[in-house]
Amino acid sequence: MTTKIGVSLRDDLYEWATREVEEGRAESVSALIAAGLGALRGYAELETVVQDLAGDASRLDEETMARVEATERAAAAAYRDHLARKAKDGQAA
């Protein structure tokens, strides 16, 4: 399910977003905004995990260590994917 809303963007952000769509790197401005919000939500969730760990760093049990390691792997994979897409987009230009 999706909800339609109105969003105001600075001119420079709108121009960048429309270029991303025109050049085929995004399906639509709406999809690009949704992807950006998804990334921000991921960072917020990661920050919550880090804060939870920092609150009790002296007692890291196996489950907590597994969460930390999984989060680190996911973050590293996401960053590698980002760099690969960026490099691919740079080659196509």
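A salt bridge is a side-chain nitrogen of Lys or Arg within 4 Å of a carboxyl oxygen of Asp or Glu. The model here is predicted, so local features need pLDDT of at least 70, side-chain atom pairs count only at pLDDT 80 or more, and totals for chains, interfaces and linings use all residues. Residues are numbered from 1 along each chain as its sequence is written, and side-chain values use heavy atoms, with hydrogens and water left out.

**Exercise 1.** Find which residues R25 pairs with in salt bridges.

*Solution.*
- Start with E23: its closest N and O atoms with R25 are 2.3 Å apart, and the two form a salt bridge.
- Next, try E20: its side chain meets that of R25 in a salt bridge too, at 3.1 Å from N to O.
- Put these together: salt bridges with shared partners link E20, E23 and R25 into one network.

**Exercise 2.** Sort E20, E23 and R25 into buried, partly exposed or exposed.

*Solution.*
- Grab the cut-offs: buried is under 20% relative accessible area, exposed is over 50%, and partly exposed is in between (1.4 Å probe, protein chains only).
- E20 has 12%, so call it buried.
- E23 has 48%, so it's partly exposed.
- R25 has 32%, so it's partly exposed as well.

**Exercise 3.** Now look at the salt bridge between D12 and R10, and say how exposed each partner is.

*Solution.*
- Check the distance: the side chains of D12 and R10 meet at 3.0 Å, N to O.
- D12 comes out at 41%, so it's partly exposed.
- R10 comes out at 54%, so it's exposed.
- For the full tally, the structure holds 3 salt bridges.
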